[in-house]
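Visitor: Hello! Could you show me around this structure and explain the words you use along the way?

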Amino acid sequence: MALFDRLKDQAKSLQQQAQGGRGTTTGGHGQAHGQGSSRGGSRAQLVGVLKTQLGSLKTELKSGAYRDASMAMCALVAAADGHVDAAEIQQMESLILGNEVLQNFPPEQLRTRFHKHVDQLTRNFPQGKADALQDIAKAAKKPTEARAVIQTGIVIAGADGHFSQAEQTILREACATLGLQPAEFQL
């Protein structure tokens, strides 16, 4: 747990630097909620930090629960706006297969699980979302994996340099499913 706390402090420090030092002493979570113009830059920095954090946890993230929850998270991020087109699926698949931590798993396992969720979300979004959140909940028993699922979702969502409101909402819902505070991830 000490490793995660150090990494979280690094992410918080980067967030504070991106905000030019505003709100750096008190409030803890308060500075994460501002809608200032530096938010886009700070999000990009946060994505970079989270990617590094995930890489450092690669040897710990080898369970089927993490794999299934991560693929459900990626599918929810891809379908956050209610639809997914072929180009978006291809881009998301490329991001998944190129992710350092997800390389712990055979590519075909990742593709199969990702496409299963995308298909369900495309056919019936509310039911597909419920099924995906159920898979995400599998990671709730291990705090490191639970946080890694959210971090994976943020890294995937931020890969295009833009976090949509719908993506942020999905990530907050996944936090609730895992018993995590969205503010911990600046959501």
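**A walk around two residues and a helix**

Guide: Arginine 67 touches Phe105, Gln109, Leu110 and Arg113, leaving aside residues up to four places away in sequence; contact means heavy atoms within 4.5 Å. This is a predicted model, where local features need pLDDT of at least 70 and side-chain atom pairs count only at pLDDT 80 or more, while totals for chains, interfaces and linings use all residues. Residues are numbered from 1 along each chain as its sequence is written, and side-chain values use heavy atoms, with hydrogens and water left out.

Visitor: Why is arginine 67 called buried?

Guide: Buried means under 20% relative accessible area, exposed over 50%, and partly exposed in between (1.4 Å probe, protein chains only). Arginine 67 has 13%, so the word buried applies.

Visitor: What makes valine 101 buried?

Guide: Its relative accessible area is 1%, so valine 101 is buried by that cut-off.

Visitor: How do you know that the span of α4 agrees with what is expected?

Guide: Helices (H or I, at least four residues) are DSSP runs, numbered from the N terminus. The expected span is 1.5 Å times one less than the number of residues. With 13 residues, α4 should span 18 Å, and its end C-alpha atoms are 18 Å apart, so the two agree.

Visitor: Which residues of α4 are buried, and why do we say they line one face?

Guide: They are Ile89, Met92, Glu93 and Ile96. Seen down the axis of α4, they fall within an arc of 100°, so they line one face; the arc is that of the directions from the helix axis to the C-beta atoms.

Conventions: Helices (H or I, at least four residues) and strands (E, at least two) are DSSP runs, numbered from the N terminus.
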